[in-house]
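Okay, thanks everyone, let's get going. I'll put the sequence and the structure up on the screen, and then walk you through what I found.

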Amino acid sequence: MATPQLAGARAVLGSAARVATQAPTEHQAAKKFFKEVCRCLPWVNKTYGLGELTNVAELRRNVADLFRKYSDVQSPEVVDLLIYKGREELEMILMQHKQRHHVITQYVHNPALDRVTRPTNLSPFLQQFYKSN
């Protein structure tokens with residue numbers, strides 16, 4: 001009997017959902033999808049007019065960082081779902097369902113490195129302000 005998570009994945013992906021039993025197959029599927037995305041990047045760069053902000057190599061680097069963000073995922077079902085969600089995102093971009101500013105904010109400014117850090121050197125005013133709230 002399928003686990004509840006797997007049954008949910010099959011409901012989302014359909015009965016033909018591929019469930020691999022070996023990690024190398026999942027790694028290969030993710031690698032294949034990454035190459036597919038990279039083949040589309042020149043078209044995306046041209047169509048969305050991103051040439052003034054970035055180049056294809058930088059876009060590829062930003063997409064690779066997004067893939068690396070999930071490098072610790074080991075479950076084949078989760079990898080399949082991430083690839084499925086990535087394909088949906090790619091399809092929305094290729095069908096131009098996203099506007100230029102969506103692509104810029106999500107992929108041009110390197111979203112994988114966004115981290116909000118609190119400053120360590122606070123003025124006395126800011127220290128008092130943070131304590132009061």
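Let me start with one leucine. Leu82 counts as partly exposed, because its relative accessibility is 26%, and the cut-off for buried is under 20%. You'll find Leu82 in helix α4. Leaving out residues up to four places away in sequence, Leu82 touches Tyr70 and Val73. Also have a look at Ala30: Leu82 and Ala30 are 52 residues apart in sequence, yet C-alpha to C-alpha they are 8.9 Å apart in space.

I should say right away that this is a predicted model, so please keep that in mind for everything on the screen.

Zooming out for a second. We have 133 residues in the protein, and buried ones make up 27% of them. There are six helices and zero strands, so if you read the elements off from the N terminus, you just get α-α-α-α-α-α. As for how the chain comes together, take the contacts between residues at least 6 apart in sequence: 68% of those join residues at least 24 apart.

Now, the pocket. The largest pocket has a volume of about 1,100 Å³. Which residues are closest to its centre? Of the 31 residues lining this pocket, those are Phe33, Val63, Leu66, Phe67 and Tyr70. You've already met Tyr70, as one of the residues that Leu82 touches.

And which helices build the lining? At least two residues each come from α2, which is 23-47, from α3, from α4, which is 76-94, and from α5. The largest share comes from α2, with 10 residues. By class, the lining has 21 nonpolar residues, four polar and six charged.

While we're on α2, let me point at Val37, which lies in that helix. Val37 counts as buried because its relative accessibility is 9%. Apart from its neighbours within four places in sequence, Val37 is in contact with Val63 and Leu90. Val63, remember, is among the residues closest to the pocket centre. Val37 also pairs up in space with Arg60: their C-alpha atoms are 8.6 Å apart, with their positions 23 residues apart in sequence.

Right, on to α3. This helix has 14 residues and reaches 20 Å from first C-alpha to last, close to the 20 Å expected at 1.5 Å a residue. Which of its residues are buried? Those are Val56, Leu59, Asn62, Val63, Ala64 and Asp65.

Next, how α3 meets α5. The axes of α3, residues 56-69, and α5, residues 100-108, come within 9 Å and cross at roughly 65°. On the α3 side the contact is made by Glu58, Leu59, Asn62 and Leu66, and on the α5 side by Gln106, Tyr107 and Val108. Sorted by class, that's four nonpolar residues, two polar and one charged. Leu66 turns up here again, having already appeared around the pocket centre.

Just ahead of α3 there's a threonine I like. Thr54 sits in the loop between α2 and α3. Is Thr54 buried or exposed? It counts as buried, because its relative accessibility is 7%. Not counting residues up to four places away in sequence, Thr54 touches Asn45, Leu59 and Val108. Two of those, Leu59 and Val108, are also part of the contact between α3 and α5. And Thr54 has a partner further along: its C-alpha is 9.4 Å from that of Ile104, 50 residues apart along the chain.

In α5 itself, there's His101. His101 counts as partly exposed, because its relative accessibility is 44%. The C-alpha atoms of His101 and Tyr48 are separated by 9.1 Å, and those two residues are 53 apart along the chain.

Last one, and it's a backbone thing. Most residues other than glycine have a negative phi. Gln96 has a positive phi of about 60°, although it is not a glycine. Where is Gln96? It's in the loop between α4 and α5. Gln96 counts as partly exposed, because its relative accessible area is 47%, and exposed would need over 50%.

That's what I have for today. Happy to go back to any of these views.

Terms used. Residues are numbered from 1 along each chain as its sequence is written. This is a predicted model: local features need pLDDT of at least 70, side-chain atom pairs count only at pLDDT 80 or more; totals for chains, interfaces and linings use all residues. Side-chain values use heavy atoms; hydrogens and water are left out. Axes are lines fitted to C-alpha atoms, for helices over the stretch in contact, and angles run from 0 to 180 degrees between N-to-C directions. Helices (H or I, at least four residues) and strands (E, at least two) are DSSP runs, numbered from the N terminus. Contact means heavy atoms within 4.5 Å. Ala, Val, Leu, Ile, Met, Phe, Trp, Tyr, Cys and Pro count as nonpolar, Asp, Glu, Lys and Arg as charged, and the others, Gly among them, as polar. On a 1 Å grid over the protein atoms alone, a cavity is a set of points where a 1.4 Å probe fits but cannot get out, and a pocket is an open set with protein on both sides within 12 Å along at least five of seven lines; lining residues have an atom within 4 Å of a point. Grid points are joined across faces, edges and corners, and a volume is the space filled by probe spheres set on the points. The expected span of a helix is 1.5 Å times one less than its number of residues. Buried means under 20% relative accessible area, exposed over 50%, partly exposed in between (1.4 Å probe, protein chains only).
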